[in-house]
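Work through the exercises below with the sequence and the model open beside you. Each task is followed by a solution that proceeds step by step.

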Amino acid sequence: MTYALPPLNALRAFEAAARHLSFKLAAHELHVTPAAVGQQVKALEARLGVQLFERLHKQLILTAAGQAYLPGISEGFRHIADATSQLKPAGAVLLQLGVHGSFDLRRLALAEFRGAHPDIGLRVLQPAGLHELIEGKVDLLIARGLGRHPGYRCDRIDDSAGLGDWLVAPEGTADCPEIVSFRGWLRALPAENPLANRRPRLVGIRP
């Protein structure tokens, strides 16, 4: 059977833009520019012969056709993600963590994390910043003083005064199992660490 499908990149752009009602936030999630998202959606509309969004001044609204189309597309991507997840052998899930240059990695007890989560292959890139996260070079970032950024979930990981350190993940992947596991690891770590002055502790969330 041959499936009549639009380009998958265009469908991804539509689905993300429809969830966020924003080309800009969809672009952050997909690691592309807002113009690229807009072009993909426009091409999809041309291919389908229907308008999916009303483009108002500083506002994006789903048309009736867009509202009808979104649930099936979102469900399709969920089925693809589930099938892919079930196909992976144990230990095949790779989590790439970026860390800013002045962060002491001993605070994270990474050897203990790897021992407790043998199904997650954790790799660390240091130094790394928002640029690496946006480009997709890392899946998750420990950043200094980045408490709020559109399209990203930011969790503070210490309660010290000043800018502080934050765990940053794209909103579209912030609830992936491996990221949830690492966030839970930080939350469970004791405040004191004999190898370093302090271990991180999640103390707050900002959108």
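**Exercise 1. Determine how many disulfides the structure holds, and classify the accessibility of Cys154 and Cys176.**

Step 1. Apply the distance criterion, under which a disulfide is a pair of cysteine sulfur atoms within 2.5 Å; by that criterion the structure holds zero disulfides.

Step 2. Classify by relative accessible area, computed with a 1.4 Å probe on protein chains only, where buried means under 20%, exposed over 50%, and partly exposed in between. Cys154, with a relative accessible area of 0%, is buried, whereas Cys176 reaches 24% and counts as partly exposed.

Step 3. Keep the conventions in mind: this is a predicted model, in which local features need pLDDT of at least 70 and side-chain atom pairs count only at pLDDT 80 or more, while totals for chains, interfaces and linings use all residues. Residues are numbered from 1 along each chain as its sequence is written, and side-chain values use heavy atoms, with hydrogens and water left out.

**Exercise 2. Describe the lining of the largest pocket and then that of the second largest pocket.**

Step 1. Fix the term: on a 1 Å grid over the protein atoms alone, a pocket is an open set of points where a 1.4 Å probe fits, with protein on both sides within 12 Å along at least five of seven lines, and lining residues have an atom within 4 Å of a point. Grid points are joined across faces, edges and corners, and a volume is the space filled by probe spheres set on the points.

Step 2. The largest pocket has a volume of about 1400 Å³, and 32 residues line the largest pocket, with Phe77, Ala81, Gly172, Thr173 and Cys176 nearest its centre. Two or more lining residues come from each of helix 1 (8–20), helix 2 (23–30), helix 4 (64–87), strand 3 (93–99) and helix 7 (177–188), these elements being DSSP runs numbered from the N terminus, with helices (H or I) of at least four residues and strands (E) of at least two. Helix 4 gives the largest share of this lining, eight residues.

Step 3. For the class count, Ala, Val, Leu, Ile, Met, Phe, Trp, Tyr, Cys and Pro are nonpolar, Asp, Glu, Lys and Arg are charged, and the others, Gly among them, are polar. The lining of the largest pocket then has 14 nonpolar, eight polar and 10 charged residues.

Step 4. The second largest pocket holds about 160 Å³ of space, and its lining includes Leu5, Pro6, Tyr69 and Phe77. Helix 4 supplies the largest share here as well, six residues, and the class count for the second largest pocket is eight nonpolar, two polar and no charged residues.

**Exercise 3. Find how many salt bridges there are, and follow the pairs made by Glu45 and by Asp165.**

Step 1. Count each side-chain nitrogen of Lys or Arg within 4 Å of a carboxyl oxygen of Asp or Glu as a salt bridge; the count comes to 10 salt bridges.

Step 2. Glu45 and Arg55 meet in a salt bridge at 2.9 Å, N to O. This pair links distant parts of the chain, with Glu45 in helix 3 (residues 34–48) and Arg55 in strand 1 (residues 53–56), 10 residues apart. Glu45 is buried at 10% relative accessible area, while Arg55 is partly exposed at 39%.

Step 3. Asp165 pairs with Arg144, the closest N and O atoms being 3.4 Å apart; Asp165 lies in strand 7 (residues 165–170) and Arg144 in strand 5 (residues 140–144), 21 residues apart. Asp165 counts as buried at 3% relative accessibility, and Arg144 as partly exposed at 46%.

Step 4. A network of salt bridges links Arg153, Asp155, Asp175 and Arg183.

**Exercise 4. Identify which residues have the most contacts inside the largest nonpolar core.**

Step 1. A nonpolar core is a set of buried Ala, Val, Leu, Ile, Met, Phe, Trp, Tyr and Cys residues joined through side-chain atoms within 4.5 Å.

Step 2. The largest such core has 21 residues, and those with the most contacts inside it are Leu97, Leu108, Leu140, Ile142 and Phe182. Helix 7 contributes the largest share of this core, four residues.

Step 3. Leu140 is found in strand 5 and is buried, with a relative accessible area of 0%.
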